[in-house]
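Welcome, and please bring the model up in your viewer with the cartoon showing. We will walk through it one selection at a time, pausing at each stop to see what is there.

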Amino acid sequence: EIHIKESIEKEVNPRLLPGELLLCEANTVYKYIQEDGSNRGTYGKLICTNFKIAFLDEDSASDDNEPQFKNKIVGENDITLQCVDQIYGVYDEKKKLLTGQMRKYPEKLIIYCKDLRVFHFCLRYTKEEEVKRIVSGIVHHSQTPKLLKRLFLFSYASAAPNNTDGRNQTVMFDTLEDWRDELERTKGNVKYKAVVTNEGYRVSEKLPLYFVVPICVSEESILKFQGRGIPIWCWSCHNGAALLKMSAFPKEQDDSTSQMQKAFLDGIYKTISKPPYELLKTDDLSSSLPSLQDIQIAYTRFKQLFLIDNSTDFWATDVKWFSLLESTNWLEIIRRFLKKAIEVAECLERQHTNVLLIEESATDLCCVISSLVQVMMDSYSRTKSGFQSLIQKEWVTGGHGFLDRCNHLHKNDKEEAPVFLLLLNCVWQLVQQYPPAFEFTETYLTVLSDSLYVPIFSTFFFNSQHQKDTNTTGESLKTQSGPFKFLTVWDWSVQFEPKAQALLSNPLYAEKPKPDKSQRKTTRFKHQRQLSLPLTQTKSSPKRGFFREETDHLIKNILGKRIGKFINSSDEPHNSFREFYDSWHSKPVDYHGLLLPCIDGPEIKVWAQRYLRWIPEAQLHGGGTIATAAKILDLMEEVQSLQVKMDEEHSQAVSRDVQAVPMLRNCARLSSLFPFALLQRQSVKPALPTSTWKDLEDEDDLVKRDDEFVDLSGDMS
């Protein structure tokens with residue numbers, strides 16, 4: 001106690017961002033380190049600002065213990081108000097959800113975060129008046145509905161000097177030129193045109209200012225139903241087939257209206273479908289994929305597996321890990337979306353057919369599928385700038401309702417659904433299956449998922465381009481008048497120093513070789529031969545041989561029943577889909593060509609880095625993929641230094657653009673969940689098997705369980 005009082009006397013001042021205001025604070029708050037069920041922890045000050053909740057202790061003041069991968073905006077003990085998921089109070093050892101007014105104030109506060117961190121604060125030693133202020137302040141500012149202009153985004157934009165370039169080679173798709181360049185890049189400008197019909201948002205507030213439609217579609221058609229029933233271009237394949245999306249007409253209509261709309265659609269379809277030269281396949285995603293409600297329910301169940309209070313809870317869930325994981329249905333949803341993207345890729349690549357994705361607003365499921373198809377088919381989308389441009393095109397200007405889907409304003413829980421997070425989970429499956437094909441790492445995807453809750457960037461805090469434009473104009477809070485200048489999340493220098501940014505880039509990315517002009521034609525032909533398959537392939541190629549054909553048939557019969565439930569969701573896949581899938585997987589991977597994810601059964605995995613990073617029990621010290629990466633990076637560093645020496649020897653010390661290689665010291669101590677898990681944290685697994693612990697606690701007959709000795713830390717690495 002004496003030591004505590006002395007340390008508290010050293011005043012720790014919070015580091016506030018421009019526009020950030022301290023709203024309330026409480027001293028002598030005890031933060032538990034929830035690892036081993038003990039009450040170990042540290043005393044400090046708990047504060048709430050208009051941007052974050054933060055815990056300040058002695059370590060906060062010193063820079064000695066800084067992690068290698070430090071976020072400059074959100075510290076280790078900071079929780080942005082948008083990142084708070086749920087807050088519980090503990091009264092006489094019983095947990096109660098805190099939402100509004102409280103008659104009695106809790107002795108402990110538990111904050112569950114959307115990035116899956118869990119904070120435990122003890123308020124027993126805090127003055128009663130301070131407890132009331134801090135608890136009601138935190139609950140009010142993080143859980144009650146608020147107005148858009150009350151977001152910290154606006155306070156920061158009006159107070160911070162915006163001198164960053166921000167674009168970082170990312171195409172923002174906010175000008176007509178950007179869309180024309182994209183049409184040219186994909187050779188889609190032969191059949192499609194960028195239009196300015198929506199300037200001033202005279203067609204619809206949901207559509208972007210500029211978008212691309214088939215050349216034959218007239219301005220009158222676009223205006224007729226406020227943009228509904230109009231095929232909007234997403235991307236063109238190398239063979240000329242295009243991926244399109246469309247907002248569907250409302251289903252409940254009177255007969256005359258629906259007849260008129262049907263006639264309108266028939267006319268529109270004729271502009272794209274001109275058999276036998278130009279074919280069209282329509283796909284209503286709202287009937288062929290899980291609904292937004294299904295996605296939200298599955299994710300809510302899934303995240304509960306990782307929001308763990310202490311070690312005892314962790315080992316208790318470990319016993320039933322596989323059955324709990326399966327019951328969430330989250331991995332099955334990821335698999336279904338990947339399967340749908342493969343089906344679309346087959347239509348475009350193999351059948352040379354245009355695909356039109358249909359959804360009520362075309363801003364949720366359409367965004368996921370169109371983005372996945374482009375990541376799988378277009379190697380540019382697998383570069384960092386290409387992927388960022390894709391998110392801008394399909395999601396930000398495409399009109400995905402980030403504000404509603406992330407429930408940033410706490411206005412309507414029914415609108416909430418982790419659609420963008422679902423995309424990142426799907427892309428992660430591809431990144432971990434084909435690492436050399438991607439210029440970015442899984443750490444990049446994890447950081448991007450965290451950025452959803454950092455309200456200093458405008459990228460993920462508006463429902464549409466119209467909403468952003470109408471709220472950008474107006475008076476700033478201080479003397480400067482005129483439009484707000486928002487930051488974009490793609491300027492990674494705002495959050496990370498160069499050393500930390502190096503961990504976002506994949507050092508083993510297989511860059512696309514630049515072909516000589518003489519080789520360009522042959523390369524193109526080889527690329528097409530490798531990816532395209534005959535339109536009708538009735539029997540297997542003779543090259544495969546009799547035995548291969550027989551064994552394939554035998555294996556399918558044996559495994560059919562076992563993996564059937566993993567491969568099929570609601571309907572039996574077409575033979576052509578399975579043939580396309582199997583044929584691609586039987587060939588060597590071209591990292592710059594088409595990529596098809598493995599989707600059979602256990603191939604769909606849990607994104608361990610994102611979901612397990614705060615759980616010490618799930619870490620392997622000196623193990624996991626980072627151990628391999630560390631050795632490779634050491635080797636790359638050596639090669640770079642040798643290259644510099646060689647250049648000096650030959651007097652060619654030209655200024656080289658050498659990419660920074662992240663330095664990974666103490667590799668043996670690095671956690672498998674690096675760079676998020678802290679080095680000093682150690683967790684001791686119980687000496688007895690999990691089931692024995694449970695048997696000692698109660699008389700449950702868990703011995704008969706199949707997955708009794710499942711060790712999550714080993715399995716999920």
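Before the first stop, one convention: an angle between helix axes of 65 to 115 degrees counts as roughly perpendicular. Keep in mind, too, that this is a predicted model.

**The whole chain**

Start with everything selected. The protein has 26 helices and 14 strands, and 52% of its 717 residues count as buried. Take the contacts between residues at least 6 apart in sequence: 73% of them join residues at least 24 apart.

**Stop 1: a crossing of helices**

Select residues 330-349, helix α12, together with residues 575-585, helix α22. How do these two helices cross? Their axes come within 10 Å and the crossing angle is roughly 90°, so α12 and α22 are roughly perpendicular to each other. To see the contact itself, show side chains for Lys-339, Ile-342, Glu-343, Ala-345 and Glu-346 on α12, and for Ser-576, Phe-577, Phe-580 and Tyr-581 on α22. Coloured by type, the residues of this contact come out as five nonpolar, one polar and three charged.

**Stop 2: a second pair of helices**

Next, select α16 (419-433) and add α17, residues 442-451. The axes of this pair are 10 Å apart, at an angle of about 175°, which means that α16 is roughly antiparallel to α17. On the α16 side, display Phe-420, Leu-421, Leu-424, Val-427, Trp-428 and Val-431; they meet Glu-442, Leu-445, Leu-448 and Ser-449 of α17. Here the division is eight nonpolar, one polar and one charged.

Stay on α16 and pick Gln-429, which belongs to this helix. Is Gln-429 buried or exposed? Its relative accessibility is 0%, so Gln-429 counts as buried. Leaving aside neighbours within four places in sequence, Gln-429 is in contact with Ile-334, Leu-338, Glu-603, Ile-604 and Lys-605.

**Stop 3: the cavities**

Now switch on a cavity display. Rolling a probe the size of a water molecule over the atoms shows where empty space is left. How many cavities of 30 Å³ or more does the structure hold? There are five, and the largest cavity contains about 240 Å³ of space.

Centre the view on the largest cavity by selecting Tyr-299, Glu-416, Pro-418, Leu-421 and Tyr-453, which lie nearest its centre among the 20 lining residues. The elements that give two or more residues to this lining are α9 (292-304), α15 (402-405) and α16 (419-433). Of these, α9 gives the most, with four residues. Twelve residues of the lining are nonpolar, three are polar and five are charged. Leu-421 is worth a second look, as it also appears in the contact of α16 with α17.

**Stop 4: an enclosed helix**

Select residues 152-159, helix α4. Seven of its eight residues are buried, so α4 is largely enclosed by the rest of the structure. The buried residues are Phe-152, Leu-153, Phe-154, Ser-155, Tyr-156, Ala-157 and Ser-158. To find what they pack against, add α18 (465-472) to the view.

**Stop 5: a residue on α11**

Pick Ser-327, in helix α11, residues 321-328. With a relative accessible area of 45%, Ser-327 is partly exposed. Draw a distance from its C-alpha atom to that of Ala-298: the two are 29 residues apart along the chain and 8.7 Å apart in space.

**Stop 6: backbone details in the loops**

Finish with the backbone. Most residues other than glycine have a negative phi, and most peptide bonds are trans.

- Glu-93: this residue lies in the loop between β5 (84-91) and β6 (94-97). Its phi is near 70°, a positive value. Glu-93 is exposed, at a relative accessible area of 60%.
- Gln-226: look in the loop between α6 (219-224) and β11 (232-236). The phi here is also positive, near 55°. Gln-226 counts as exposed, with 52% relative accessibility.
- Pro-275 and Pro-276: a cis peptide bond joins them, with omega at about 0°. Pro-276 sits in the loop between α7 (255-272) and β13 (279-284).

Notes
Residues are numbered from 1 along each chain as its sequence is written. This is a predicted model: local features need pLDDT of at least 70, side-chain atom pairs count only at pLDDT 80 or more; totals for chains, interfaces and linings use all residues. Side-chain values use heavy atoms; hydrogens and water are left out. Axes are lines fitted to C-alpha atoms, for helices over the stretch in contact, and angles run from 0 to 180 degrees between N-to-C directions. Angles under 35 degrees count as roughly parallel, over 145 as roughly antiparallel, 65 to 115 as roughly perpendicular and the rest as oblique. Contact means heavy atoms within 4.5 Å. Ala, Val, Leu, Ile, Met, Phe, Trp, Tyr, Cys and Pro count as nonpolar, Asp, Glu, Lys and Arg as charged, and the others, Gly among them, as polar. Buried means under 20% relative accessible area, exposed over 50%, partly exposed in between (1.4 Å probe, protein chains only). On a 1 Å grid over the protein atoms alone, a cavity is a set of points where a 1.4 Å probe fits but cannot get out, and a pocket is an open set with protein on both sides within 12 Å along at least five of seven lines; lining residues have an atom within 4 Å of a point. Grid points are joined across faces, edges and corners, and a volume is the space filled by probe spheres set on the points.
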